[in-house]
Amino acid sequence: MGIRWTRYSVVLISMMLCQSAPAQPEKQAEKTVTADSAPDAAPDAAAIEFFETSVRPLLISACGDCHGAKKQWGGLRVDSRGALLKGGDTEPAVVPGKPEESLLMTSVRRIGDYDMPPENPLNANQIAILERWIAMGAPWPVETAHGETGNPEDHWAFQPISKAAPPSVATAPDWCRTPVDAFILSKLEAAQLSPSPPADRRTLIRRVFYTLTGLPPSPEEVEEFVQDADPLAYEKLVNRLLESPQYGEHWARHWLDLARYADTKGYMFGWEPNRFLHSATYRDWVVKAFQQDLPYDEFLLLQIAADQAAPDDAVAQGAMGFLTIGRRFLGNDHDIIDDRIDVVGRTTMGLTFGCARCHDHKYDPIPITDYYSLYGVFGNSTEELVPSSPPTERGSEAFRAELEKRVAQLDEKFQEYRNKISDRMRDRITDYLIAQSSLESYPDIPFSQIIAENDLFPVYLHRLDSFLRRMKEAGNPIFIPWHRYAAIPEEEFAQRAADVTEELARLGPEQVSPAVAAHFTVPPASMNEVAERYGALFTEVTRDWRTLNEQAVQAGTPAPTALPDPQREALRQVLYGDDSPCLVPNESLTGIGTFFATRSELEDIWKYQKAIEQWISDSPDAPAFAVRMIDKTLIDEPRVFRRGNPATKGNEVPRRFPLIVAGPDSPPFLKGSGRLELAQGIVSPDNPLTPRVWVNRIWQFHFGTGLVPTPSDFGVRAPEPAQLALLDWLATTLIEKNWSTKEIHRLILLSSTFQQAATGPEDLTVRRQAEEQDPENHLLWKKGVHRLTFEEFRDSLLKVSGDLDLTVGGRSSTLFSGGDSNRRRTLYGFIDRQSLPGPYSVFDFANPDLHIPVRSETTVSQQALFALNHPFVATRASELAAQITALQNATPAEQIQMLFRRIFQRPPTPRQLEMSLQFLEGAETQAQPQLTPEQLAWQYGTGAINDDAKAVLNFQPLPYFTGSSWQGGASFPDPTLGWAQLTAAGGHPGNDHNHAAVRRWTAPRSGTISIESLATHEPTEGNGIRCWIFSSRHGVLNRFLLHHSSQKISLPSLAVETGDTLDFVVDIHGSLGFDQYLWNVAIQDVGALAGTAEGGPAEKEWDSTRDFVGPATGMLTPWQQLVQVLLLSNEFLFVD
Amino acid sequence: MFPPQIPGNSPFPFGGRVVDRRSMLQRSAMGMGTIGLAGLMSTPRSVGAAGPALDSSVRQPHFPGTAKRVIHFFLNGGPSHIDTFDPKPMLKKYEGQAPPVSLATERKTGAAFPSPYSFKKYGESGIEVSELFAKTAEHIDDIAVIRSMYAQVPNHEPSLMLMNCGDSVLSRPSVGAWTLYGLGSENQNLPGFIAMCPQGLPIKGSSNWQSGFLPGAFQGTYVDPQHQTIDKLIENIRSPHASTSMQRRQLDLLQSLNSEHQQQFADDRLDSRIQSFELAFRMQMEAADAFDVEQEPEHIQQMYGSGVHARQTLIARRLLERGVRYVQLWHGAGQPWDDHANIEKNHRKLAGEIDQPIAALLADLKQRGMLEDTLVLWGGEFGRTPTVELGGDGKSQLGRDHNHYGFSVWMAGGGVRGGTVYGTTDDYGFKAVENPTSIHDFHATILHLLGFDHEKLTYRYAGRDFRLTDVHGHVIQEVLA
């Protein structure tokens, strides 16, 4: 261990030093290396001349193109001694004084892992030059530094946090309400600038509402605050908002941007359900954590290691969604782990580990070994689906019983497969042993090839490889011969095998298992033969064991527990023991897909897993579930993947905390995977990054830009912030206040800095000076103006129209489909990372595949198109207009007053009042048929369907309404959509299976419904129609054929949730012709879900014939037009 | 003493020219010219603006490019190079037996499978092309075929990501997004990057034209060309609830309110948003016009032929003509070219759908003088095996498996040296052997034609400067005119 430590610290130090300042530090690096390796005299003139005339030109011409300043293939550069000593990726290229140990030499001799240069091999003379130079100790003249920055270890962000007292200020000590102000004012003073006057109360309440809750205040709340003479009114307001669930929701969304939150797994194979069962659990846990001001250290600890930090707290397990709601990368473990490393590193510490997957970080002191230390932590963790509700709330008995049944079915099937797969491996042990010498031809990248049952499985080859390595380390007597023979270079095998055989013969039974030794009395001809002899032995043992078991069954005696001969039993353990490479780990399917044959087996086993997930998602009363991480039972030490390629494994690295934080003596993790220790290191008070990164984010979300403008990169490329003292003061305060986020909010929000106006100093000369001197407002001489985000915009529209549903938590549902049924906060919109609906990306929503620390902010005309033309905005305008025009005994002027208060939280100016009145008078009008909620529940369209359809694909509303039917266009049949048509009584399918006629009903609330359906196909000609009833939640409810016949269906009870759809679908059977049909559907709401906010008695019913109606073509009324204009205004969208 | 600008905040990391939006507005008295309203989306350095300020106004590349716009025919699923642009007569010799070169692909394959189609020399260059693309081949002297492409794995998803976004795994911006980021768009009334795919999405959906870590404004806008009405083509392009005259009045009131509000704050974002409504208003008309192929004269419509592929190709030409920067035309939903079985019939049908439109586009661009600065790209995410695919029963499927070791793409127009063949695969078409060309090389060449040094078109994200070609890529000089 000691040796390893020295070596690692040397590599680290030399790496850091030569990357930054080649001159001075490089000498230190040489010294360090010198102490550890070869004697290294100061280069004399002759040595330098040899170097300059022979070596340097050779290095430049032969290697420089790929390993120079411009390119560093494999992370290697050859233009400095330090770089050569460090080497590429992991191994030093040059060991001074030892040509035979230098990778450079094996590469140019083309006898090692690399053949270099790839195209034009060096000639013998050139090779001799390099050899001589290395033997001389690799002399290199001392070179001067060329303008690089200082030692990365000295970078400000890696220094301990120092808490300075807030500076004293000369000009306006009264202005300072919290210590934050002293820091800000002192910088302003130094720049001879002054802050802006305080914002007025209307502005202030709107500002603080948005920054804490993402919502505007109501007119009543504004009036109350404006009138409140209490000097503590503002502070009380801040405290009240901090306690509200809406605060938790708004700040949770900030966090979810960092956690690359989504409700789906991304692109996946068909056998795996795409929807996460646990995303909402995680989201709701984050909301609650913010609302309850869970100390930030605990907040992080639980998200990374709740399984160990709070094993008995079921609810806390939901926190681990942080790790498990990332993209699934088609099940590729290497990428899933990379995503976890990235999100943990950047979110918590502002460190970017991603670069170090392939090579040492170019700027930051993060060596590739740090990356694989972390890789080992997550690689030794696996997923587990667990309930995340208190034990008393685990669903109805019926739910639990069925769940247990399905889990048992999976277990049984899984056990069956485990046995089968393990036996398959045992049967082919010889082939697996032979293939050990060509591991690189079996990359363990899942699903890059379709693996059939009779193929060699890469996963077993690599497990066998790590098993053999473990056996080597342990000196296991069964494998001593294997390892001795394996150590012989291939080309010398024939020659040296006899010697090894003799050596083996001299070893006692303690060292070599006699059962094995008996097979190696004659020298083997090749490693293949070694593998064959081992294979034959193992095959024999397997056969013996199976025979023994069969005999026991026949004799009715208990199953044997061991082979009688201890030697053979030891061999059996290799195949059957707990540590055996033949076993399929008993882990979640998500982690062990590669053990199964790609098509048949994997698809089959997933059916059972799917049945479990289906049951949970189909049961409205299902409790919350979490997918947490737990440690694997068998810990595999990670190895560096050269250039990030899992097929080229390098040295083993210990799992431990990144060195730049923990120092060169960072001790290895000892507990399981080390995940808990990692989390503890992140929140350790000695870690200066975590609290700095967090207070900076809080600042960023209040002011628009952080004190450090790159909130997720605190590496050496982030310059020291001008307000480092303030950052540190906040960071220390965070820790002192028990990591309370709300304390930091208060310090910021109660400051004069936050409360100043957005307009700038009143005195115009002063303002101009400020604008000129600090146009970007870095010094905060005014409050910046905030533009509403996508969520804030949508939520605000719902709030001002009085439609916002403030239900907290629960499953996600899509935002804009299903008419106007979704009126919840945007936070609860269903996020399909694979196909995010248009409005999300148009309004700069955070890309759910990536950690997004700062959203981009664009203004594109598609945003304006949404605002002008999307029914969602028009519906809000209509709703609000209806409330305003319903005001009794109010004049139009008074109504406009009210309207402005609702939208802007202020009365109109006289000019605005005048303009609004004029607008109303001159506006175009058109008769406006209002659709009932029942009518709005139905949609009429086409979709694609195949023989074993589970749902309608590509649902498209029919575009044209004749007055009595929906169809493709004015002419019928339509050139594109053919005969597809829907009428009040029935309809006609389109010309092919891609154009089935679809009558879609969308549930406006959660609850239970009943369905009565009568479908009739009258013609005797043709071959009839195919009919389906699909539920978006339950799949196929019914399917039947009609030809000159009728079908009546009653479904007394079906659970639905808001936004669920039912599709009544008809397509042609066989061929087109005589396919018109009649179909009436009556749906009754038989009760909302008990205990939900939407509760209440059943009263609604829908009837497909009665509700049939044309489009809501109603043009907006003058009032609605006016309201829409106000909702589109800049004043609504910007918060000052 | 101020924190320096975040590098990613600068929209012009490559030294482009910033057009000041205000002065631009003042110069164009009517408010908007036909050239891009610079700064439409810009939020330049306004206080409190959280993110990078980036817009789609026209920008100058590193050096004058030979191509100004790109159209990419994406034959998703993996077209067989052996049956299209890379003839392999040697396969005939090995028919019924395994060829000397046989590599592991996604599934099992067996004997050599000679192309069922006939090849013929075309043009002065005499390049051989199969009967599948006989019409396209008439333009072979304008085309540079790269026969030595290779990708990383024989699977659709990673290969699609690699071909479109330069990385097979990570979420990275697409070539179109990078192009828009680099050059902006010449028409602010239309999206600058449009991806069309009939009847639904290819696999990986919109990830194929994603903006990754670049702002959402650079993402491709998806259009399903099977629709004939404009409101189906572009989201929210028509109002279901207001007439044009109503909207005009609404916008007039909106702008009065906005200008009153704007007097209080000096924030460029307010101005940008005001303009965006005017642009959206006009876009409703311009977009309808651009997508309406019925406006084309009869002989042009006939030249492209009938069917949805002819239609999307003709729409594409109308878009390119109007200054849209990057158009990608996908063959269809899912992976149509993925012919593991019965390739002869299927490839013939698929090629039949696009051969005439592609040929028509090349001719049409040429007659309009647009071919010289329009880069036309053709290809899939990989090619197919020269060996026949075997089913689970070991029997021939008469199809070909995925092949990432060697395949063909071609480029035309926009400064490409026509009548060129670059690189070769082995005698059987399994693996690129001469001048193996990576996808990064292909991307570097595309960027070069557009006027960019691919190593310098960068964007700062997650602590480092990212580029389309990561740390790879060489411009293929041999295909440049």
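Trainee: How many salt bridges does the rule find across the interface of chain A and chain B?
Mentor: This is a predicted model. The rule needs a side-chain nitrogen of Lys or Arg within 4 Å of a carboxyl oxygen of Asp or Glu. Across the interface of chain A and chain B, the number of such salt bridges is four.

Trainee: Which side chain of chain B meets A:Arg717 in a salt bridge?
Mentor: Side chains of opposite charge can pair when their charged atoms come close. Here the N to O distance is 3.6 Å. The cut-off is 4 Å. The partner of A:Arg717 is B:Asp465.

Trainee: How many residue pairs are in polar contact across the interface of chain A and chain B?
Mentor: Both residues of a pair must be at pLDDT 80 or more. With that condition, the rule finds this many pairs between chain A and chain B: 21.

Trainee: Which element gives the largest share of the side of chain A that touches chain B?
Mentor: Several elements of chain A each supply at least two residues, among them helix H15 (333–349), helix H38 (910–922) and strand S7 (953–957). Helix H35 (861–869) is also one of them. The largest share is eight residues, and it comes from H35(A).

Trainee: How many charged residues does the side of chain A that touches chain B have?
Mentor: Sort that side by class. Nonpolar residues number 40 and polar residues 37. The charged residues number 22.

Trainee: What is the area buried between chain A and chain B?
Mentor: Start with the residues in contact: 99 from chain A and 92 from chain B. The size of an interface is often given as the accessible area lost when the parts come together. Carbon and sulfur atoms give 56% of that area for chain A and chain B. The total is about 8,300 Å².

Trainee: Which residue forms a salt bridge with A:Glu383, and what does the pair tie together?
Mentor: The closest N and O atoms are 2.6 Å apart, and the partner of A:Glu383 is A:Arg340. A:Glu383 lies in strand S1 (residues 381–387) of chain A and A:Arg340 in helix H15 of chain A, so the pair ties together parts 43 residues apart in sequence. Over all chains, the search finds 92 salt bridges. The residue asked for is A:Arg340.

Trainee: Which strands stand at the edges of the six-strand sheet of chain A?
Mentor: The sheet is open, with antiparallel pairing and the order S7-S6-S12-S17-S14-S15. Two of its strands each have a single partner strand, so one side of each is left without a neighbour in the sheet. The twist averages 25 degrees from one strand to the next. The edge strands are S7 and S15 (1035–1042) of chain A.

Trainee: Which residue is the bridge partner of A:Thr942?
Mentor: Strand S6 (residues 938–944) of chain A pairs with S7(A) in the antiparallel sense, over three bridges. The partner of A:Thr942 is in S7(A): A:Gln956.

Trainee: Which residue stands opposite B:Leu390?
Mentor: In chain B, three strands form an open antiparallel sheet in the order S2-S10-S11. Strand S10 (residues 383–390) of chain B is joined to S11(B) by four bridges. Opposite B:Leu390, in S11(B), stands B:Ser396.

Trainee: Where is the cis peptide bond from A:Met116 to A:Pro117 found?
Mentor: The bond has omega near -15 degrees. A:Pro117 is in the loop between helix H5 (103–108) and helix H6 (124–135) of chain A.

Notes:
Residues numbered from 1 in each chain as written. Chains lettered and ligands numbered in written order. Predicted model: local features only at pLDDT ≥ 70, side-chain atom pairs only at ≥ 80, totals over all residues. Heavy atoms only, no water. Contact = heavy atoms within 4.5 Å. Buried area = accessible area lost by both parts, 1.4 Å probe. Polar contact = N/O pair within 3.5 Å; in protein donor to acceptor, adjacent residues only side chain to side chain. Nonpolar A, V, L, I, M, F, W, Y, C, P; charged D, E, K, R; others polar. Pairing = 2+ DSSP bridges. Axes fitted to C-alpha atoms, helices over the stretch in contact; angles between N-to-C directions.
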